[in-house]
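The following exercises invite the reader to examine a protein model step by step. Each task is followed by a worked solution.

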Amino acid sequence: MHAKTDSEVTSLAPSSPARAPAYFVQSPSHDGGDHKTATSFHSTPATSPPRHSHSSVGPHSRDSSTRFSAATSKKPRGLSGAHEKVAKGKNDWMKEVEAIEEEGLLDDDEMYRSRNTKRLYCLAFVVGFFVLFTFFALILWGASRSQKPRVSMKSITFQNFIIQAGTDASLVPTDMATLNSTVKFTYRNTGTFFGIHVAATPFDLTYNQLTLASGDMKNFYQTRKSQRSVNVVVLGNKVPLYGGGPSLTSTPAKPNSIPPIPLALSFTVRSRAYVLGHLVKPKFTIQVQCSVKLDVNKLNTPIALDKSCQYF
C-alpha cells in the first residue's frame, strides 16, 4: 500500500465521521529481503481509540486516574451526608423515644400517686363520715334518753264485784269471783323532736297473789310534746278462788259491814322512739304498782290513784 495523500484524507473525513480510520502496524524486515516482504504486514487491524483518546494520554490521564481512584476509594460526600442525617435522625428519634418513655414512666408514677391519694381521700372521707355520723347518733341518743315519757295514774272505778259458788273447767266446786273495773291514766311524751310508739303489759288486779281481773291496753303512737288520757278495762269473769279468798264476800250481812278489800294493780308501759330511723331508737320502760282498796259499798265511784302508785 502507498501512503494516502492529504487530499484523500480530507475527502474521506467528512464522508465517514462515525467510523475512525484503521491503522496498520508494519513489521520490519529481518534480513533485508525484497520490498514485497518488507512491505507486507503481519498484524491484524486494530480499532482506533475514540476521537478524544489523546486527552487521556500523558500526565493529565495519570492525574485523572489518580483522582478517580481516590474518589472511588472514598465515600461520596452526598451519601455520607445522608448517612449522617439518618444516624442523626435515629439518635434524635431514640432521644425522643427515651424522653417519651421517661415521660410515660413519670406519668405512670404521677397517676399511681394520684390514685393512691384519691383512695386515701376516699378512705378518710368514709372514716370521717362514719365517725361524725356515729358522734351525731350518740348525741341524739343521749338527748332522747334525757326526755323520758311520763305516766300519771288518775283513778280506778269498780263497776261490780260478785262472789258466787260454782265449778271450774274440771267440775271442781269452788267460789267464783267476777270483777269489772276501769283504770284511767295519762301518758305524756316529753320528747321535743321525736314521737313514741307505746305498748303495755296486761293490767292485773291481784288479791294475795291471786289474779282477780286483767286487761289489755291498745297500742298507740304519741307525737312529740303531747299527751293523752288512756282508759283500760280490767275485768275478771268467774275466776276460781280455790280457797284463796275465804274472807271475800260480795253480799254484806248488814249494811256497810264488809270491810274494804286490798288489791294491787300492776303493769308496765313500754315505749320506743325512732329518732334516726332504725339506727337510733331509744327504749323507755315504766313499771307502775298501785295499792287499791275495793269498797263494795262505793261501786261506780272513781278512786283516786295519784297518791297510791309508785313508778319504777
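A residue is called buried when its relative accessible area is under 20%, and exposed when that area is over 50%. The model under study is predicted.

**Exercise 1. Decide whether Ser 155 is buried or exposed, and describe its surroundings.**

Solution.
1. Locate the residue: Ser 155 belongs to strand E1, which covers residues 150-167.
2. Apply the cut-off: the relative accessible area of Ser 155 is 14%, and buried means under 20%. Ser 155 is therefore buried.
3. List the contacts, setting aside residues up to four places away in sequence: Ser 155 touches Thr 182, Val 183 and Lys 184, as well as Pro 302, Ile 303, Ala 304 and Leu 305.
4. Consider one of these partners: Val 183 is 28 residues from Ser 155 along the chain, yet their C-alpha atoms are separated by 6.1 Å.

**Exercise 2. Characterise the disulfide found in the structure.**

Solution.
1. Count: a search of the whole structure yields one disulfide.
2. Identify the partners: Cys 290 is joined to Cys 309, with an S to S distance of 1.8 Å.
3. Place them in the chain: Cys 290 lies in strand E9 and Cys 309 in strand E11 (residues 309-311), so that the pair, 19 residues apart, links distant parts of the chain.
4. Assign the handedness: the torsion about the S-S bond is about 115°, and the disulfide is therefore right-handed.
5. Check the accessibility: both Cys 290 and Cys 309 are buried.

**Exercise 3. Determine which residues line the second largest pocket and which strand gives the most to its lining.**

Solution.
1. State the volume: the second largest pocket holds about 150 Å³ of space.
2. Name the lining: it consists of Arg 145, Lys 148, Pro 149, Arg 150, Val 151, Lys 283, Phe 284, Thr 285, Ile 286, Tyr 311 and Phe 312.
3. Assign strands: E1 (150-167) and E9 (283-294) each supply at least two lining residues. The greatest contribution, four residues, comes from E9.
4. Sort by character: six lining residues are nonpolar, one is polar and four are charged.

**Exercise 4. Describe the largest nonpolar core and the contacts of Leu 205.**

Solution.
1. Recall a general tendency: in soluble globular proteins, nonpolar side chains tend to be buried together.
2. Give the extent: the largest nonpolar core has 46 residues.
3. Find those with the most contacts inside the core: they are Met 153, Leu 179, Phe 185, Phe 203, Leu 205, Leu 263 and Leu 265.
4. Examine Leu 205: leaving aside neighbours within four places in sequence, its contacts include Leu 179, Leu 263 and Leu 265, together with Ser 181 and Thr 211.

Conventions:
Residues numbered from 1 in each chain as written. Predicted model: local features only at pLDDT ≥ 70, side-chain atom pairs only at ≥ 80, totals over all residues. Heavy atoms only, no water. 1 Å grid on protein atoms, 1.4 Å probe; cavity = no way out; pocket = protein on both sides within 12 Å on 5 of 7 lines; lining within 4 Å. Points joined across faces, edges and corners; volume = space filled by probe spheres on them. Nonpolar A, V, L, I, M, F, W, Y, C, P; charged D, E, K, R; others polar. Buried < 20%, exposed > 50% of the residue type's maximum accessible area, 1.4 Å probe, protein only. Contact = heavy atoms within 4.5 Å. Core = buried A, V, L, I, M, F, W, Y, C linked by side-chain atoms within 4.5 Å. Disulfide = S-S within 2.5 Å.
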